[in-house]
Amino acid sequence: MRTIDFTPLFRHSVGFDRLERMLDSAMRLDDGNAYPPYNIEQLGEDNYRITMAVAGFGEGDLSVSVEDGTLTFSGKQEPKEGAAEAVYVHRGIAARAFERRFQLADHIEVRGGWLENGLLHIELERVVPEEKKPRKIDIAGGQKQLEGRKAA
């Protein structure tokens, strides 16, 4: 079953249309590819880090981009000029090209990244605009007079 019908929830709740889109998107993008492995860490209340194991890739072999709320990692090793083709007895370190995508939540911004010891680190921060932060609504007591009418 590739689709889930959330129609009954629409009558009683607000916001499930977004949940449906996210679930549908996740089911379409999941191709079962686990390469390269990665971790997602929460460093604080609003700070996160994605760490991806990219052994054998240099800075020039990697690309990280953000477009329309999607963070995309890609890597491709170019063959070294003049290097002889190696003959492997066992090859356990993958050198294949890859592309991995992450859908960023609302208000998540990429702050920077670095490559260290075969691990690519990308720092993320949630920056909620002031108008989107929760606020308290004061409720006035007593009767309010409607325009053009006297309060009963």
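Okay, let's start with the rings: a search through the whole structure turns up four aromatic pairs. Keep in mind that this is a predicted model. I'll walk through some of the ring contacts, then the two sheets, then the core, and finish with a couple of odd backbone angles.

So, take Tyr 38 and Phe 102. They make an edge-to-face pair, 4.9 Å centre to centre, with 85° between the planes. In sequence these two are 64 residues apart, with Tyr 38 sitting in strand β1 and Phe 102 in strand β5. Buried or exposed, which is Phe 102? Phe 102 counts as buried, because its relative accessibility is 10% and the cut-off for buried is under 20%. Its partner Tyr 38 is partly exposed, at 37% relative accessible area.

Phe 102 has another ring to talk to. The centres of Phe 73 and Phe 102 are 5.6 Å apart and the planes stand at 85°, so this pair is edge-to-face. Here Phe 73 comes from strand β4 and Phe 102 from strand β5, so the pair ties together parts 29 residues apart in sequence. Phe 73 is down at 1% relative accessibility, which makes it buried.

There's also an aromatic cluster, and its members are Tyr 35, Phe 57 and Phe 98. Tyr 35 has a charge on top as well: the charged end of Arg 96 sits over the Tyr 35 ring, 4.0 Å from the ring centre.

Stay with Phe 98 for a second. What does Phe 98 touch, once you skip residues up to four places away in sequence? The list has Tyr 35, Pro 36, Met 52, Val 54, Phe 57, Leu 62, Phe 73, Ser 74 and Gly 75.

Now the sheets. One is an open sheet of three strands in the order β3-β4-β5, paired antiparallel. The edge strands are β3 and β5, the latter covering 98-103; each has a single partner strand, so one side of each has no neighbour in the sheet. From one strand to the next, the twist averages 15°. Looking at β3 and β4, where β4 is residues 70-75, you get six bridges joining the antiparallel strands. Glu 67 is placed opposite Thr 70 of β4.

On to the other one. This is an open sheet of four strands, ordered β1-β2-β7-β6, again with antiparallel pairing. At its edges are β1 (38-42) and β6 (108-116), and each of those has a single partner strand, so one side of each is left without a neighbour in the sheet. The twist in this sheet averages 20° from one strand to the next. In the middle of that order, β2 and β7 pair antiparallel over seven bridges. If you want a residue pair to click on, Ile 50 has Ile 122 in β7 as its bridge partner.

So what about the core? In soluble globular proteins, nonpolar side chains tend to be buried together. In this model, the largest nonpolar core has 16 residues. Which residues have the most contacts inside it? Those are Met 52, Val 54, Leu 71, Phe 73, Phe 98, Leu 120 and Leu 124. As for where the core residues come from, β2 (47-53), β4, β5 and β7 (119-126) each supply at least two.

Let me go back to β3 for one more residue. Val 66 lies in this strand, which spans residues 62-67. Val 66 is partly exposed, with 47% relative accessible area. Setting aside neighbours within four places in sequence, Val 66 contacts Leu 71, Leu 104 and Val 110. Of those, Leu 104 is 38 residues away from Val 66 in sequence, while the C-alpha to C-alpha separation is 9.1 Å.

Last bit: backbone angles. Asp 68 isn't a glycine, yet its phi is positive, about 50°. You'll find Asp 68 in the loop between β3 and β4, and Asp 68 is exposed, at 70% relative accessible area. His 107 is another non-glycine with a positive phi, near 70°. His 107 is in the loop between β5 and β6. Why does His 107 count as partly exposed? Because its relative accessibility is 32%, and partly exposed takes in the values between the 20% and 50% cut-offs.

That's the tour, so over to you for questions.

Terms used:
Residues are numbered from 1 along each chain as its sequence is written. This is a predicted model: local features need pLDDT of at least 70, side-chain atom pairs count only at pLDDT 80 or more; totals for chains, interfaces and linings use all residues. Side-chain values use heavy atoms; hydrogens and water are left out. Buried means under 20% relative accessible area, exposed over 50%, partly exposed in between (1.4 Å probe, protein chains only). Contact means heavy atoms within 4.5 Å. Two strands pair if DSSP finds at least two bridges between them. Axes are lines fitted to C-alpha atoms, for helices over the stretch in contact, and angles run from 0 to 180 degrees between N-to-C directions. A nonpolar core is a set of buried Ala, Val, Leu, Ile, Met, Phe, Trp, Tyr and Cys residues joined through side-chain atoms within 4.5 Å. Rings of Phe, Tyr and Trp (its six-membered ring) pair if their centres lie within 6.5 Å; planes under 30 degrees apart count as stacked, over 60 as edge-to-face and the rest as tilted. A charge sits over a ring if NZ of Lys or CZ of Arg is within 6 Å of the ring centre and within 35 degrees of the ring normal.
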